[in-house]
Protein chains: 2
Amino acid sequence: MQLKNQVEWALHCCAILAGLGQDRHLATRDLAELHGVPKEYLSKALQALSQAGIVEGTLGPSGGYRLARAAGAISFLDIVEAVEGRQSSFVCTEIRKNNPCRPSQMCDDRPCAIARAMWAADEAWRKSLRGVTLADLARTLEKDIPPALWKKTRQWVAERT
Amino acid sequence: MQLKNQVEWALHCCAILAGLGQDRHLATRDLAELHGVPKEYLSKALQALSQAGIVEGTLGPSGGYRLARAAGAISFLDIVEAVEGRQSSFVCTEIRKNNPCRPSQMCDDRPCAIARAMWAADEAWRKSLRGVTLADLARTLEKDIPPALWKKTRQWVAERT
DNA sequence: GTATTAAGGATATATGATATCCGTAATAGG
DNA sequence: CCTATTACGGATATCATATATCCTTAATAC
């Protein structure tokens with residue numbers, strides 16, 4: 001079980017978009033070059049973010065993407081779910097119903113106990129991701145990244161907005 | 001991102017094995033029939049559990065599987081990891097290194113901040129699964145399952161051990 | 001000795017992830 | 001207008017993995 005590469009790409013792209021000035025846009029081409037990933041495929045991830053209302057795309061020359069709302073109002077979970085979907089990692093196929101001892105018309109009042117435990121873990125994962133916003137990430141990155149690289153990257157991006 | 005069906009199968013099989021009497025074995029064929037899944041493929045999941053030291057296989061007629069240790073000492077995480085592997089669901093491909101502004105010889109003292117957040121969520125998921133044992137599951141199932149079905153199933157299994 | 005079982009290798013099939021290409025509509029600037 | 005540029009979405013190709021089956025081997029109970 002592995003998340004798509006697009007999740008990683010989307011998170012990095014959102015981190016960059018969170019650092020953009022007000023009403024500035026950055027094109028897919030530039031986001032792809034900055035992260036060294038194929039432009040056409042990255043485009044699919046950005047479209048998913050757009051459909052989820054996390055980013056906004058603008059057409060035409062000088063167009064591109066920007067965040068659709070404040071960085072503090074966008075969680076990791078929002079981004080992960082936009083790309084990966086909202087389905088739990090555990091899918092219950094109700095194999096308990098294949099039990100030959102079970103009356104065929106029998107109907108269950110609760111989901112399978114195994115599924116409940118797996119879904120609880122899934123919810124713990126989501127809760128953790130829900131607790132981290134792009135604003136949090138920006139603060140962490142500023143502490144992590146060497147000032148020279150930070151400044152140079154900001155400028156590289158600014159030249160293209 | 002979705003866990004394999006084998007994870008669900010493995011959990012259900014362990015739940016059954018946890019209800020077996022001391023030194024009783026149940027064959028792959030019976031576990032497959034009880035859950036309505038293909039015997040040959042289920043066998044792969046049971047082999048993974050065996051390799052992880054969660055169950056023990058016995059050869060020959062009247063052979064089969066039993067738990068390798070007490071139900072209270074086997075967690076959901078043990079079983080999930082045996083089938084699914086121990087790798088985090090988030091794989092960091094270090095795309096930050098593709099940043100054209102970055103000096104090529106530059107070396108990072110910490111993992112990427114995005115990866116750290118994703119791995120923290122992964123750990124929350126694991127922590128949740130680590131907190132549920134087969135003994136817990138057995139108690140829950142006994143409350144969940146109608147007594148008639150519970151008894152009939154126990155007997156079905158007992159006839160085959 | 002015979003039947004039965006787990007174990008594991010080899011292989012086929014289906015599904016989903018990854019990647020590319022193309023057409024369309026919108027938009028900025030000349 | 002006209003042109004270049006952009007997001008967007010559909011169609012398709014390629015590759016990795018999950019799913020599934022088959023076969024051989026070694027151990028074991030009777």
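1. In this predicted model, the crossing of helix 1 of chain B and helix 4 of chain B is right-handed. The contact draws on B:Gln6, B:Val7, B:Ala10, B:Leu11 and B:Cys14 from helix 1 of chain B, and on B:Phe76, B:Ile79, B:Val80, B:Val83 and B:Glu84 from helix 4 of chain B. By character, the residues of this contact are eight nonpolar, one polar and one charged.

2. As to the geometry of this pair, helix 1 (residues 5–18) of chain B and helix 4 (residues 76–84) of chain B have axes that come within 9 Å and cross at roughly 135°. Helix 1 of chain B and helix 4 of chain B are therefore oblique to each other.

3. A turn of 180° with a shift of 0.0 Å along the axis lays chain A on chain B with an RMSD of 0.0 Å. This is the relation of a two-fold axis. Both copies use the same surface, since 100% of the contact residues of chain A recur in chain B. Among the residues of chain A, A:Trp125 comes closest to the rotation axis, its C-alpha lying at 2.5 Å.

4. DNA strand D is surrounded by 26 residues, of which the closest are A:Gly57, B:Lys4, B:Pro38, B:Glu40 and B:Gly60. The residues of the surface near DNA strand D comprise nine nonpolar, 14 polar and three charged.

5. At least two residues of the surface near DNA strand D come from each of these elements: helix 2 (28–35), helix 3 (39–51), strand 1 (55–58) and strand 2 (64–67) of chain A, and helix 1 and helix 3 (39–51) of chain B. Helix 3 of chain A gives the largest share, five residues.

Notes
Residues are numbered from 1 along each chain as its sequence is written. Chains are lettered from A and ligands numbered from 1 in the order in which they are written. This is a predicted model: local features need pLDDT of at least 70, side-chain atom pairs count only at pLDDT 80 or more; totals for chains, interfaces and linings use all residues. Axes are lines fitted to C-alpha atoms, for helices over the stretch in contact, and angles run from 0 to 180 degrees between N-to-C directions. Helices (H or I, at least four residues) and strands (E, at least two) are DSSP runs, numbered from the N terminus. Angles under 35 degrees count as roughly parallel, over 145 as roughly antiparallel, 65 to 115 as roughly perpendicular and the rest as oblique. A crossing is left-handed if the near helix is turned anticlockwise from the far one by less than a right angle, and right-handed if clockwise. Two residues are in contact if their C-beta atoms, placed from the backbone, lie within 7 Å. Ala, Val, Leu, Ile, Met, Phe, Trp, Tyr, Cys and Pro count as nonpolar, Asp, Glu, Lys and Arg as charged, and the others, Gly among them, as polar. Copies are superposed by least squares on the C-alpha atoms of residues with pLDDT of at least 70 in both. A residue is near a molecule or strand if its C-beta atom, placed from the backbone, lies within 6 Å of it.
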